Amino acid sequence: MKRINKQSHLSPEIELLFDNKKLDVLKYLGILYQAKDMCRQRQLSLEQLLYYYSMLYFETTDINTPLIYKYLRDKKQINKIMIYLENLEFVQIHGDIFTRLNKLKISISETGINAIESLQSESVEMYLKQIIDIMEKYPYGTKNLEFQKLLYEGEF
């Protein structure tokens, strides 16, 4: 019997729908942009980014299941995304070689700000508005117990 060595590939539409790294990059960059612009927070930790990213997902999707699996998957991917953004010079990573991962801080650079502001699209503007709403409705650190409940039980 012949063995087929062809890799199976998804159509571009399906791949973009379920594994869209560029969209994830835009979302994290949008969170950093709005944090600097709205909250006057120049630097966010990786945990803060994950928190806002998870809350945005919770508010914009219509599922009431525990988010722990998505959260853990995103936690695994965030390092790659931050390195990608840093290589594009869209963000600055604050720390040194001895800084623990949970102590690193991320800030958006002028290049990142210009990139977000150059995106003249209704969907990007709507997304940035949703981020503002999330940051106002769910400030980081004040709702830790509720966030844990959301992760494990699917309710806020």
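Which residues are buried in helix H7 (residues 144-153)? The first legend answers this; every view shows a predicted model.

**View 1. The two sides of helix H7.** Phe 147, Leu 150 and Leu 151 are the buried residues of this helix. Around the helix axis they span an arc of only 95°, so they lie on the same side of H7. An α-helix has 3.6 residues a turn, so residues three or four places apart point the same way. Leu 145 and Tyr 152 are exposed on the other side of H7. The packing partners of the buried residues of H7 are H3 and H4. After H7 comes Gly 154, with a positive phi near 85°.

**View 2. Tyr 71 in helix H4.** Tyr 71 belongs to helix H4, which covers residues 68-87. Its relative accessibility is 8%, and because buried means under 20%, Tyr 71 counts as buried. Apart from neighbours within four places in sequence, Tyr 71 contacts Glu 47, Leu 50, Ser 54, Phe 147 and Leu 151. Of these, Phe 147 and Leu 151 are also among the buried residues of H7. Tyr 57 is 14 residues away from Tyr 71 along the chain, and their C-alpha atoms are 9.9 Å apart.

**View 3. The crossing of helices H3 and H6.** Helix H3 consists of residues 46-60 and helix H6 of residues 122-137; their axes come within 10 Å and cross at roughly 110°. Angles of 65 to 115 degrees count as roughly perpendicular, so H3 is roughly perpendicular to H6. From H3, the contact involves Tyr 52, Met 55, Leu 56, Glu 59 and Thr 60. From H6, it involves Tyr 127, Gln 130, Ile 131, Ile 134, Met 135 and Lys 137. Sorted by class, the residues in this contact are seven nonpolar, two polar and two charged.

**View 4. Ser 109 between a strand and a helix.** Ser 109 sits in the loop that links strand E3 (105-108) and helix H5 (110-118). Is this loop residue buried or exposed? Ser 109 is buried, because its relative accessible area is 9%. A polar atom of the Ser 109 side chain lies 2.5 Å from the backbone oxygen of Glu 89. Not counting residues up to four places away in sequence, Ser 109 touches Glu 89, Phe 90, Val 91 and Gln 92.

Terms used
Residues are numbered from 1 along each chain as its sequence is written. This is a predicted model: local features need pLDDT of at least 70, side-chain atom pairs count only at pLDDT 80 or more; totals for chains, interfaces and linings use all residues. Side-chain values use heavy atoms; hydrogens and water are left out. Axes are lines fitted to C-alpha atoms, for helices over the stretch in contact, and angles run from 0 to 180 degrees between N-to-C directions. Helices (H or I, at least four residues) and strands (E, at least two) are DSSP runs, numbered from the N terminus. Angles under 35 degrees count as roughly parallel, over 145 as roughly antiparallel, 65 to 115 as roughly perpendicular and the rest as oblique. Contact means heavy atoms within 4.5 Å. Ala, Val, Leu, Ile, Met, Phe, Trp, Tyr, Cys and Pro count as nonpolar, Asp, Glu, Lys and Arg as charged, and the others, Gly among them, as polar. Buried means under 20% relative accessible area, exposed over 50%, partly exposed in between (1.4 Å probe, protein chains only). A polar contact is a pair of N or O atoms within 3.5 Å; within protein, one must be able to donate a hydrogen and the other to accept it, and residues adjacent in sequence count only if both atoms are side-chain atoms. The arc is that of the directions from the helix axis to the C-beta atoms.
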